[in-house]
Amino acid sequence: MAMNGGRIVQLAQGVDDTRNRRDALGREELLRLLEVAEQRIESLRRNERLQLALYEIADLAGGSLDMQDMLRRIHAIVGELMYAENFYIVLYDESRQKVRFLYFVDKLDPYVNDPDAELDFDQAEATLTVTLLRGGVALRGPSRDLREQCGIPYLESNGPDSADWMGVPMLREDRVAGGIVVQSYERAGVYSEEERVLLAYVAQHILTALDRHHAREELEHRVEERTRELRKANLDLQAEVVERQRSQELQRALFRIAELSMTSETLERFYAEIHKVVGGLLYARNFYIAMLSADGSMLEFPYSVDERDAVRRSRRVAKGLTEYVLRTGKALLADRPRIAQLEAAGKVRSIGTLAYCWLGVPLLHDDQVVGVIAVQSYSSDIGFSGRDLELLTFVAYHIGSGLARKQAQDKLVVAHAGLEQRVSERTRELAEANAELVEQMGERLRAERKLTYQASHDALTGLPNRVQLLERLARTIAAARRDPNACFAVLFLDLDRFKLVNDSVGHAVGDELLVEAGRRIVGTVRGTDMVSRLGGDEYAILAEGLDGPAMAEELGLRVLSALGAPIWIAGRELFPTASIGIAMWHPRYDTGEEMLRDADAAMYRAKGTGRDRCTLFDEEMREEATRTLDLEADLRRAIHSDAFEPHYQSIVRIGDAAVVGHEALLRWRHDKHGLLAPGAFLDVGEDSGLIEQVDWLMYARVIADMARTDMPGYVAINVSPRHFRSPDFAYRLIDLLEEAEVSPSRLRIEITEVALLDDAPRISETLDMLRERGVLAQLDDFGTGFSALSYLHRFPIAALKVDRSFVADLDGEARTESVAVIRAITALAGSLGIELIAEGVETESQRERLIELGCVYAQGFLFGRPEPLP
Ligand code: C2E
Ligand code: CA
Ligand code: CA
């Protein structure tokens, strides 16, 4: 500005010089000089205005105005240089053949412009603007003349003709990038060549300003984008950290529970510690554990801590929230309105202080709801969430098994004490008996007689033993062969859950129970019936002189009811029950063993159908028994002829269904029954021990298949728990692989939790050895067994297969529990670096849920059925 001001001063001095010489020069000459001077002044002024304009335009591009504001200012600047009431800027993208009216102001043309709308240039009708952009040469003059020169017809939609029209192109490196147009509707000749030069000049600067503005916007946009990305990445990271912490917390809590059930000295301590653990996971100031009494009529509260209700007394099962959870077997999260709603529907009647928010989940044992664990809040600002519900459900799942373990352990402690007492008692008794013996040396004869008796009697109960029973049966059968009306029966009796008593309460108590049971059976049967103890907890009754099967069953029921009365042993009350199988005499029997065997089979059926009952061996059972025998014989033959083959089912990555491996599933090509799945013969195979041989045939086939094809990923074989009893299982498997030259890392084994129960050190040795060679182990049917988390630490497990019952439940009733369990397993597996495979995925919705739950691998009909190799 200062510089421009200086020029004006200089110019004024020039005029003064001229005036000084006025006298010497003629008038005309003077006028001419004056005119020249004025022209120079005018030209300099214009120059100055132009400079100023260009400077301002450049300035605008660097500022922070938005595009339309900037264009409005540019318009004003052009307006100072020339008449520009009607003014527009058009941009042209030659490579894409698009035009855009970036700015448009016109007092007569009603065209409403959208500066963002792109128009197709190649389809545009002929106009002066199009000619300007196409030719890249400025146009100037009355628009009608220009149109006629270019052969453009008049179209009303293109706006009225103007008296003077001037358009200049904007050029970027010799290519047309747009144009600027000014026009006047009233006056012709407004725009001279000088204006054209001026506008062309300004146009180039406008283009530069537009480019700069655009670049700046682009940059800002990128910065913003990047900032957004970073912010999001940061949030994701934070979420991940929180999620990880949570899963670690949960995992710690679960281990703590597992550990507590082993270490806490008393049940009370165990509950208190559980409370502490739960308190670490969620708000648990008010916490109680409710247990259903054995007969289901009472609710007991072995543990309760509460701000309001200091004591929680045992009560008859009523209609409280706790009972609601017990009844439905489902977790309940209820705030005040929900409680009110349940009350209104008559489903619950509140007991105790009304909570603001109440959360209770069922405690399960052996699939039975045995209790409830509940937390509640009495304050309106503390509530529980769905997440809390899932946490508590999962914790409860583990408390259930912990509790069972703890209770069994407590019993064991009691039993131990009892045992010690009995040992010392017995020692005393023995000493006494010994003294007596010495005294009664003369009674040696009697002692001898006693010995013969013992050979045919059971030492513990004094009842006849198996040998004596079979002798008598042989005689009875022989007599029945001569008498077509003979009717007798063998009743086979087995105490229910006796092993449990023996294992948990101790052998001493078990022995007493056996003696007492024998006494009761003898007391119930008729004098002519023979009661014998076969061994263990098995008894047999030979009942002769019957009038039919009904009478045998009646006898059985009488025995059962005598056994059912409570027994007091070692200070505790036991309720023994038994299952009885009956075989009626039939001429097809040749030996007593055969009758005993059938009575045994019927007894198994009685146990299978719910225990504490009496079952008659019938034709159907006979057929089944024959079938099992036949099946076993068939199985032996099939092993000889190697009639087994593997079918393969793919294991996929759930997200994109990419195949990561296969499971080899056993099929038996039976010569009569066609292709059999394992369900049809696995039990027989396991019971007879034949499954081991079948498995080895199968593994050889699988490894041969692997050697001759290149199936993608790994192949998993199923390993029966029996294999872990043979010490050379791992070597044999590795040998097979080496012989076939198949890399061990292509093979995996699937084992169930049952396999891990047996002899832990040996099993982990086997698994370690296989893993060293590259054969990884997957834990099958996870969630159905003990799901003891400590396995995952103790044994080298590479993958967990979540049992298909959980996956099926995702679509069903027990969805919440299933989701909670799967989510926790996912978290746990993730933090231990163990792969997770969901089994039995059949529907798209299961697939979607599993993805949401973070499950990575899956297997199921949705992805492919088991199929033989082509
Ligand atoms: P598993 O190890 O749990 O094998 C998965 C079973 O689920 C297979 O039954 C398979 O056909 C079935 N399955 C797969 N996807 C789906 C699905 O989407 N829906 C449903 N409903 N089922 C699905 P399969 O072939 O009948 O085998 C039954 C069981 O027999 C196996 O259960 C495994 O425990 C055992 N088994 C299979 N092959 C062998 C073997 O070679 N040796 C031994 N010892 N046991 C085997
Ligand atoms: Ca399996
Ligand atoms: Ca499975």
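## A tour from the calcium pair outward

Start with the calcium ion (ligand 3): Asp-780 (OD), Asp-781 (OD), Glu-839 (OE) and Glu-839 (OE) coordinate it, at 2.1 to 2.3 Å. This is a predicted model, so treat every stop as computed. Along the sequence, the donor residues of this ion are spaced D-D-x57-E.

Now select Asp-781 and Glu-839. Asp-781 sits in strand E25 (residues 776–782). Glu-839 is in the loop between strand E27 (835–838) and helix H26 (844–852). The two are 58 residues apart, and the pair links distant parts of the chain.

Turn on the surface. Are these two donors buried or exposed? Asp-781 counts as partly exposed, because its relative accessibility is 28%. Glu-839 has a relative accessible area of 11%, so it is buried; the cut-off for buried is under 20%.

**Next: the second calcium**

Select Asp-780. It bridges the calcium ion (ligand 3) and the calcium ion (ligand 2). The two ions lie 4.2 Å apart.

Show the donors of the calcium ion (ligand 2). They are Glu-663 (OE), Asn-718 (OD1), Glu-750 (OE) and Asp-780 (OD), and they lie 2.0 to 2.3 Å from the ion. Their spacing along the chain is E-x54-N-x31-E-x29-D.

Pick out Glu-663 and Asn-718. Glu-663 is in strand E21 (residues 659–670) and Asn-718 in strand E23 (residues 714–718), so this pair ties together parts that are 55 residues apart in sequence. Glu-663 is buried, because its relative accessible area is 4%. Asn-718 reaches 26%, so it is partly exposed.

**Next: the nonpolar cores**

Select Ile-751. Which residues of the largest nonpolar core touch the most other members? Ile-749 and Ile-751 do, out of 104 residues in that core. Leaving aside neighbours within four places in sequence, Ile-751 contacts Val-719, Phe-724, Leu-756, Leu-767, Gln-778, Leu-779, Asp-780 and Ile-797. Note Asp-780 in that list: Asp-780 is also the residue that bridges the two calcium ions.

Another core lies apart from this one. It has 36 residues, and you can find it by selecting Leu-71, Val-182, Ala-203 and Ile-206, which are among them. In soluble globular proteins, nonpolar side chains tend to be buried together.

**Next: the cavities**

How many cavities of 30 Å³ or more does the structure hold? There are three. The largest has a volume of about 160 Å³. To find it, select Tyr-288, Leu-321, Ile-351, Trp-358 and Gln-376, the closest to its centre of the 17 residues that line it. Colour the lining by class: you get eight nonpolar, six polar and three charged residues.

**Last: two backbone stops**

Most residues other than glycine have a negative phi. Two loop residues are worth a look here.

Go to Gln-97, in the loop between strand E1 (86–93) and strand E2 (98–105). Its phi is near 55°, a positive value in a residue other than glycine. Gln-97 counts as partly exposed, because its relative accessibility is 23%.

Then jump to Ala-657. It lies in the loop between strand E20 (644–653) and E21. Strand E21 is the strand that holds Glu-663. Ala-657 has a positive phi of about 60°, although it is not a glycine. With a relative accessible area of 40%, Ala-657 is partly exposed.

Key:
Residues are numbered from 1 along each chain as its sequence is written. Chains are lettered from A and ligands numbered from 1 in the order in which they are written. This is a predicted model: local features need pLDDT of at least 70, side-chain atom pairs count only at pLDDT 80 or more; totals for chains, interfaces and linings use all residues. Side-chain values use heavy atoms; hydrogens and water are left out. Donors are N, O and S atoms within 2.8 Å of the metal (3.2 Å for Na, K and Ca); water is not among the atoms, so sites may look incomplete. Helices (H or I, at least four residues) and strands (E, at least two) are DSSP runs, numbered from the N terminus. Buried means under 20% relative accessible area, exposed over 50%, partly exposed in between (1.4 Å probe, protein chains only). On a 1 Å grid over the protein atoms alone, a cavity is a set of points where a 1.4 Å probe fits but cannot get out, and a pocket is an open set with protein on both sides within 12 Å along at least five of seven lines; lining residues have an atom within 4 Å of a point. Grid points are joined across faces, edges and corners, and a volume is the space filled by probe spheres set on the points. Ala, Val, Leu, Ile, Met, Phe, Trp, Tyr, Cys and Pro count as nonpolar, Asp, Glu, Lys and Arg as charged, and the others, Gly among them, as polar. A nonpolar core is a set of buried Ala, Val, Leu, Ile, Met, Phe, Trp, Tyr and Cys residues joined through side-chain atoms within 4.5 Å. Contact means heavy atoms within 4.5 Å.
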